[in-house]
Amino acid sequence: MREYSYKDIKKITKAGILFRDGFELLFEECRNEWSVEKGMNREHSFCVAERDCLAKIPYFLFYSKKRVKVLFDKKGIWSKKKNENDFYNLQVVLNRFGFSSYDMT
């Protein structure tokens, strides 16, 4: 499994997430892997990840072939609010692109 901090994201597009190290996560691959693992018909699911905003370090776990965890781990005075905003932003972006994530809280 790969782990990245949210701040490691360079760009999010309809196709996926590009990280600063050059790794690209593809949403369609995640959608396919989610469907296979959950025994669902791919045409009936648009889920690409699971998320947990109440975890000690909030995260999204994307279901690519090698799982990718995006951590919301900023530190500092306003870090809790910044992490909450970033978490919500990623969820909204996924929804706008037609994808969803499963809530683990």
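Colleague: Why is K65 called exposed?

Modeller: Its relative accessible area is 61%. Exposed means over 50%, buried under 20% and partly exposed in between, with a 1.4 Å probe and protein chains only, so K65 counts as exposed. Bear in mind that this is a predicted model, where local features need pLDDT of at least 70, side-chain atom pairs count only at pLDDT 80 or more, and totals for chains, interfaces and linings use all residues. Residues are numbered from 1 along each chain as its sequence is written, and side-chain values use heavy atoms, leaving out hydrogens and water.

Colleague: What makes K65 and E33 a salt bridge?

Modeller: The term asks for a side-chain nitrogen of Lys or Arg within 4 Å of a carboxyl oxygen of Asp or Glu. For K65 and E33 the closest N and O atoms are 3.6 Å apart, so the pair fits. K65 sits in the loop between β6 (59-62) and β7 (68-71) and E33 in helix α1, so parts 32 residues apart in sequence get tied together. Helices (H or I, at least four residues) and strands (E, at least two) are DSSP runs, numbered from the N terminus.

Colleague: And E33, is that one buried or exposed?

Modeller: Buried, with a relative accessible area of 17%.

Colleague: How do you know that E28 and R31 are about one helical turn apart?

Modeller: Because they are three residues apart in helix α1 (residues 27-38). Their side chains also meet in a salt bridge, 3.3 Å from N to O. R31 counts as buried at 6% relative accessibility, whereas E28 is partly exposed at 36%.
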